[in-house]
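Colleague: I would like to go through the internal spaces in this model. Tell me how each label is earned.

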Amino acid sequence: DQSLFDSPALMLPSTIAIDGPAASGKSTLGELLAQRLGYLYFDTGVMYRAVTWAALERGIAISDEAAVTYLAENIQIDFLPPTVSDGRQFTVLIDGEDTTWDLRRPEVDKNVSPVSAYAGVRAAMTPQQRRIAERGRVIMAGRDIGTVVLPDADLKIYLDATVDERARRRLLERAAQGRHLSFEEMKQEIERRDQIDSTREVAPLKRGTDAVYLDNTGLSIDATVKRALEIMQARAQSLSGLTNG
């Protein structure tokens, strides 16, 4: 009910954290919610992809934690609204260079998990993420937003789907980009990513105890957005009740 969102008495969640495993649909959901509500959408995972891409481009071994961390501490990563009408959700600049689509290349996919697990890299990225959130009216998607980056977020959603469903979605994404893998290869890649993300020592992927669980297996994008809006409305009513009570 859009009229509920238009109510001046309603206090909408200002900071929204969306966490979940690879290919659960966090980016799509975050972007569509942000468009619907006029919020800033920020996919924090892109920051780790940026560091990974820069390391690969500069010949830095992904296994060299000290060198990758040093790069993360000194790299200039900028996020802008889309500067080109080519379907991008935002524009990413690395030291002034537009690398938006480069960050989705297969070699980045294969190397981003170890980079994002480095304590020094996460330490370098987290303050930047929090500064963006402090502006309010922001939706952040990632794997540790509600548990580490924004533990006090107004609303936390943990988006999930079965491994088979997520592998199918990622296959469709790759096929649209002209890259093809077998279902079993993609499923193994997703399972490997889940294992790394959920067992890393620093900020592992996990569902926060105060996060609303949303399983979108078998749900369309529209249905997923509808369910998230219902969750937002419930939280908005709760926040407004606390404020007015």
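Modeller: This is a predicted model. Start with the lining of the largest cavity: by class, two nonpolar, no polar and six charged residues.

Colleague: What makes six of the lining residues of the largest cavity charged?

Modeller: The lining consists of Ala 22, Asp 109, Lys 110, Arg 170, Glu 189, Ile 190, Arg 192 and Arg 193. Asp, Glu, Lys and Arg count as charged, and Ala and Ile as nonpolar. Therefore the count is six charged and two nonpolar.

Colleague: Why is the largest cavity called a cavity and not a pocket?

Modeller: Because a 1.4 Å probe fits there but cannot get out, whereas a pocket is an open set. The volume of this cavity is about 70 Å³.

Colleague: Which helices supply at least two residues each of that lining?

Modeller: Helix 5 (106-117) and helix 9 (183-199). Helix 9 gives the largest share, four residues.

Colleague: How many cavities of 30 Å³ or more does the search find?

Modeller: Two, in the whole structure. The second largest has a volume of about 30 Å³.

Colleague: What makes three residues of the second lining polar?

Modeller: Asp 19, Gly 146, Thr 147, Lys 156, Ile 157, Tyr 158, Lys 206, Gly 208 and Ala 211 line that cavity. Gly counts as polar, and so does Thr, while Tyr counts as nonpolar. So the second largest cavity has three nonpolar, three polar and three charged lining residues.

Colleague: Which element gives the largest share of the second lining?

Modeller: Strand 7, with three residues.

Note on methods:
Residues are numbered from 1 along each chain as its sequence is written. This is a predicted model: local features need pLDDT of at least 70, side-chain atom pairs count only at pLDDT 80 or more; totals for chains, interfaces and linings use all residues. Side-chain values use heavy atoms; hydrogens and water are left out. On a 1 Å grid over the protein atoms alone, a cavity is a set of points where a 1.4 Å probe fits but cannot get out, and a pocket is an open set with protein on both sides within 12 Å along at least five of seven lines; lining residues have an atom within 4 Å of a point. Grid points are joined across faces, edges and corners, and a volume is the space filled by probe spheres set on the points.
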